[in-house]
Number of protein chains: 2
Amino acid sequence: MNADQLYVNILEKKSFLCIGLDTDPEMIPAFLKNTELPQYEFNKQIIDATHDLVVAFKPNLAFYEKYGSKGWEALEKTCTYIKEHYPDIFLIADGKRGDIGNTSRMYAESVFYRLSCDAVTLSPYMGRDSVEPFLVKDKWAILLALTSNEGSADFQLLRMEEKGSTLFEEVLEKTSHWGTTDNIMYVIGATKAEWLRKVRAIVPDHFLLIPGIGTQGGNLEEVITNGMNKRTGLIINASRSILYAGTGHKFTAAARSATLELRQKMGSCLR
Amino acid sequence: MNADQLYVNILEKKSFLCIGLDTDPEMIPAFLKNTELPQYEFNKQIIDATHDLVVAFKPNLAFYEKYGSKGWEALEKTCTYIKEHYPDIFLIADGKRGDIGNTSRMYAESVFYRLSCDAVTLSPYMGRDSVEPFLVKDKWAILLALTSNEGSADFQLLRMEEKGSTLFEEVLEKTSHWGTTDNIMYVIGATKAEWLRKVRAIVPDHFLLIPGIGTQGGNLEEVITNGMNKRTGLIINASRSILYAGTGHKFTAAARSATLELRQKMGSCLR
């Protein structure tokens, strides 16, 4: 999937929402807990209930790895289910990977081919040769730039000597030349919307993946005002506020309603 | 395991060598390829043949994730095998993880409890709250500081405005206050031994994990001269040069001899 195709999907669905599949077996309805793969059973129902309202799903790999090979099985089945039933969905492996070249190649095979994902989140710390194995046709590297957590200030906001820009600006500047607007996106923390203007000054045409809407408290309007570009250029993620919107047998209806509400706010900006 | 216990193991074994289990099913002897879990079968034999000569094993998670849940099963069994048979081994999950707090907590549970590892490699890019969930009793966070690949120059060597130090020095300086010499180590690329003196000026007492000896071409003597401290303070990793030292049924004998050779060089520095 390239940026134009992603934009077409956004227009058709009137949504640039992504649901983060941070599926915690302790938080899912009791009647699903005793199934063979509770995370998969829960995900299937969330996916069926919301797929027409979102452009992307983003499994958070840590939540599956906590359960080892069994968790990876739930992850594989979730990804296969999405790609088989809803092939237009943009599927993001949220793993914050990145290593030396021959190891990054293994991660690329894992997320792009084993899991059939379209994209993977990466840490830029190890530099160009740790990112390049992910820059393959029709796949995407989503690089951490400015994250939404408190610790983002520790290194991402440090100022560099020569240009006086911050590390995250240097990451944007440098990495944007490693690929194109068709294979690189950036993670930008929604709770730092005042920084979005700085981001757009460096990468006006790239897509941004914005976590932190919903439970983490980011402001949707501010993100849209400062971050949107001519192809929308935004994928906005919500996880817990949708997954755990309701309890018991009504969890899918509650998840759909929470998704509809967020999508409605987005749809009005796309008109 | 704390730093003193690790040092005792180093003295007893006369070795601060770590074998990286970057196990590639395409590179292992043909007679192991058609087993149920070829990576596990190969690892078991490497581990049995070398455990008395090394202080640590370091499975590289990417090599297992390439094979999805089946790969994770081989990884789990490898870790269980090591901890059951050789409990004094320091076991490192090489995954370069790191995410917001609640996600890092899941990764910590995955590597420390699901895989029974003593340590995990982490990227520092997301800052303090992404590292803290790994700073638990008797476990270790091994932070990327200066890596051995070409791309390390892209960000790690950038100079900061205020102090004029490089990003990797800032990482050492700042993160060394987040934990202690009993729960934080650093990844320092062996091929940059001239930087080791700078590293030791900031973190004289921490253990360093040094990859890049062997196939990646680092110089062992230079690392020892510039990096050793009063508790050795070094874990030196070799992967491919040991795993694939020999072929066919003689691969374990060849692996043992390659390990012995490296350990001999180390042992002489410990006297």
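Student: How do you know that chain B and chain A are related by a two-fold rotation axis?

Tutor: Start with the overlay, and keep in mind that this is a predicted model. A turn of 180° with a shift of 0.0 Å along the axis lays chain B on chain A, and the RMSD is 0.0 Å. The two copies are therefore related as by a two-fold rotation axis.

Student: What makes you say that the same surface serves both copies?

Tutor: Look at the contact residues: 100% of those in chain B recur in chain A.

Student: How many residues does each chain bring to the contact?

Tutor: Chain B brings 48 residues and chain A brings 48 residues. On the chain B side, several elements supply at least two residues each, among them helix H4 (61–65), helix H5 (68–85) and strand E3 (90–97). H6(B) gives the most, with 7 residues. By type, the side of chain B that touches chain A splits into 16 nonpolar, 15 polar and 17 charged residues.

Student: Why is the pair H5(A) and H5(B) called roughly antiparallel?

Tutor: Check the angle. Helix H5 (residues 68–85) of chain A packs against H5(B) at about 175°, and the axes are 8 Å apart. Angles over 145 degrees count as roughly antiparallel, so H5(A) earns that name relative to H5(B).

Student: Which residues meet there?

Tutor: From H5(A) come Gly68(A), Ser69(A), Trp72(A), Glu73(A) and Glu76(A). They meet Gly68(B), Ser69(B), Trp72(B), Glu73(B) and Glu76(B) in H5(B). Sorted by type, the contact of H5(A) with H5(B) holds 2 nonpolar, 4 polar and 4 charged residues. Gly counts as polar, Trp as nonpolar and Glu as charged.

Student: Let's turn to one chain by itself. What is chain A built from?

Tutor: Chain A has 13 helices and 8 strands.

Student: Why is chain A called as compact as a globular protein of that length?

Tutor: Set two values side by side. The radius of gyration of chain A is 18 Å, and the globule rule gives 18 Å for 271 residues; the values are close, so the description fits. Along the principal axes, the C-alpha atoms of chain A fill a box of roughly 60 × 45 × 35 Å.

Student: What makes a residue of chain A count as buried, and what percentage of them are?

Tutor: A buried residue has 20 or more other C-beta atoms within 10 Å of its own. In chain A, 57% of the 271 residues are buried.

Student: And how much of the contacts in chain A comes from residues 24 or more positions apart?

Tutor: Among contacts with a separation of 6 or more, such residues account for 69%.

Terms used: Residues numbered from 1 in each chain as written. Chains lettered and ligands numbered in written order. Predicted model: local features only at pLDDT ≥ 70, side-chain atom pairs only at ≥ 80, totals over all residues. Least-squares fit on C-alpha atoms with pLDDT ≥ 70 in both. Contact = placed C-beta atoms within 7 Å. Helix = DSSP H or I, 4+ residues; strand = E, 2+ residues; numbered from the N terminus. Rg over C-alpha atoms; globule rule 2.2 N^0.38 Å. Buried ≥ 20, exposed ≤ 12 C-beta atoms within 10 Å, placed from the backbone. Axes fitted to C-alpha atoms, helices over the stretch in contact; angles between N-to-C directions. Parallel < 35°, antiparallel > 145°, perpendicular 65-115°, else oblique.
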